[in-house]
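Q: Could you take me through one part of this model in detail? I'd like a close look at a single ligand site and the aromatic packing that goes with it.

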Amino acid sequence: MTVIVTGGAGFIGSNFIFHMLRTYPSYRIICLDKLTYAGNLATLKDVMDNPNFRFVRLDICDRQGVYRLFEEEKPDIIVNFAAESHVDRSIDNPEIFLKTNILGTQVLMDACRKYGISRYHQVSTDEVYGDLPLDRPDLFFTEETPIHTSSPYSSSKAGADLLVMAYNRTYGLPVTISRCSNNYGPYHFPEKLIPLMIANALADKPLPVYGNGLNVRDWLYVEDHCRAIDLIIHKGRTGEVYNVGGHNEMRNIDIVKLICQKLGKPEDLITYVKDRKGHDMRYAIDPTKIHKELGWLPETKFADGIQKTIDWYLTHREWWEEIISGEYQNYYKKMYEEK
Ligand code: NAD
Ligand code: TDX
């Protein structure tokens, strides 16, 4: 089997590559990544010499380049993680989100049609369902929940999902889609909530909580997401959407307080800042379908996963300190100085 993993130099894609190389020693895994600000070759250094692994620097919107790679490698499976993934950046500048997340998906699927594959898998998000109210804890997102997006990011992911289903219906492309809740774990880029709070707390810097901090996210350890995608590409039914989440809802403020407590830092580092525009209140996934059909269940409890994650950031300081010492400084100033 030859598997192309796009966006494999990012957070979830890299964890998925490690998972696949570990689980299927006979598979050939090709990472296709543009190496945007969010992609990092240092993340892949331990697998670079693996004879079953190849890294190719490429933009998924580069049709010629993508076709050339398909011709060379004749892949069986494509797993598309490549995306602009940060909601705040999409609010600041939506255009690249539409290009990469929608048009890039189209190029990949056109290549799949041209060269033939056994599966195209689109890694999507629970954010395509919009948000749920805080006073209705009985409500969850199922695969039948209507698409109802809030941000340019989630709209671009929803646009891609619709196109994926259209390629299935119109051209018979064998596709699957997974819609997962918030991931956390090693190699999470430090612009996102958990790694940002760990890095700031360690530097005794203010911990910027948006709005009142009561927004709820449903957190899943990244390895559990990787196992879900592995199951879907091997056993999932084509033309189907699978929701992935572990019923682990937490308020942002409680996560930040927990990080303070684990790192022995005072809660008075917490600073309430201006809210995100259009900020979704609550995400909560109903994972019944993937559990019943594919037997998937999360394995890592949040208490263990957050401890492992904090330990990883403590023992891999060079990885994230390198990131936050560069261009990230300008990003941080721009995004947080008016908040
Ligand atoms: P990330 O931002 O950490 O990584 C994205 C990767 O894609 C980077 O390596 C980047 O270089 C690459 N990339 C971006 N544009 C590209 C392009 N045009 N061509 C080729 N490569 C490109 O993102 P992540 O958090 O790992 O998310 C991966 C996928 O999972 C995304 O599709 C995202 O929408 C989805 N997702 C993320 C979460 C989460 O909690 N992080 C949850 C659900 C779904
Ligand atoms: O500094 C911050 N302060 C803060 O209060 C940041 C960066 C975030 N937040 C809040 C906003 C959200 O309510 O924390 C919550 C989580 O924020 P993010 O880490 O930016 O994630 P979110 O917006 O929930 O989106 C994530 O999950 C779904 C991923 O980035 C998406 O790619 C994925 O689709």
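A: Sure. Keep in mind that this is a predicted model, and let's start at ligand 2. Its shell holds 22 residues, and the closest ones are T125, Y153, R276, H279 and Y336. Sorted by class, that shell has 10 nonpolar, seven polar and five charged residues.

As for polar contacts, one oxygen atom of ligand 2 sits 2.6 Å from an N or O atom in the side chain of Y336. Backbone atoms join in as well: a polar one of S85 is 2.8 Å from an oxygen atom of the ligand, and a polar one of P208 is 2.8 Å from a nitrogen atom of ligand 2. On its own the ligand would expose 650 Å², and the protein buries 94% of that. Two elements give two or more residues to the shell, namely α6 (193-202) and β8 (207-210).

Two of those closest residues lead on to the aromatic side of things. Y336 belongs to a cluster linked by ring pairs, together with Y37, F189, Y210, Y328, Y331 and Y332. Over the whole structure, a search turns up 22 aromatic pairs.

One of them is F70 with Y115: the ring centres are 6.2 Å apart and the planes make 40 degrees, so this pair counts as tilted. It bridges distant parts of the chain, with F70 in helix α2 and Y115 in helix α4, 45 residues apart. F70 has 1% relative accessibility, so it counts as buried; Y115, at 28%, is partly exposed.

The other pair to look at brings us back to the ligand's neighbour Y153. F97 and Y153 meet edge-to-face, with 6.4 Å centre to centre and 85 degrees between the planes. Here too distant parts of the chain are linked: F97 lies in helix α4 and Y153 in helix α5 (residues 152-171), 56 residues apart. F97 is at 1% relative accessibility and therefore counts as buried, and Y153 is buried as well, with a relative accessible area of 8%.

Back to F70 for its surroundings. Its helix, α2 (residues 63-73), also has G65, V66, Y67, L69 and E73 among its buried residues. The buried residues of α2 pack against strands β1 (2-6), β2 (28-33), β3 (53-57) and β4 (77-80), plus α4 (95-115). After the helix comes K74, with a positive phi near 45 degrees.

Note on methods:
Residues are numbered from 1 along each chain as its sequence is written. Chains are lettered from A and ligands numbered from 1 in the order in which they are written. This is a predicted model: local features need pLDDT of at least 70, side-chain atom pairs count only at pLDDT 80 or more; totals for chains, interfaces and linings use all residues. Side-chain values use heavy atoms; hydrogens and water are left out. A residue is near a molecule or strand if one of its heavy atoms lies within 4 Å of it. A polar contact is a pair of N or O atoms within 3.5 Å; within protein, one must be able to donate a hydrogen and the other to accept it, and residues adjacent in sequence count only if both atoms are side-chain atoms. Accessible areas come from the Shrake-Rupley method with a 1.4 Å probe; for residues, only the protein chains shown count as cover. Helices (H or I, at least four residues) and strands (E, at least two) are DSSP runs, numbered from the N terminus. Ala, Val, Leu, Ile, Met, Phe, Trp, Tyr, Cys and Pro count as nonpolar, Asp, Glu, Lys and Arg as charged, and the others, Gly among them, as polar. Buried means under 20% relative accessible area, exposed over 50%, partly exposed in between (1.4 Å probe, protein chains only). Contact means heavy atoms within 4.5 Å. Rings of Phe, Tyr and Trp (its six-membered ring) pair if their centres lie within 6.5 Å; planes under 30 degrees apart count as stacked, over 60 as edge-to-face and the rest as tilted.
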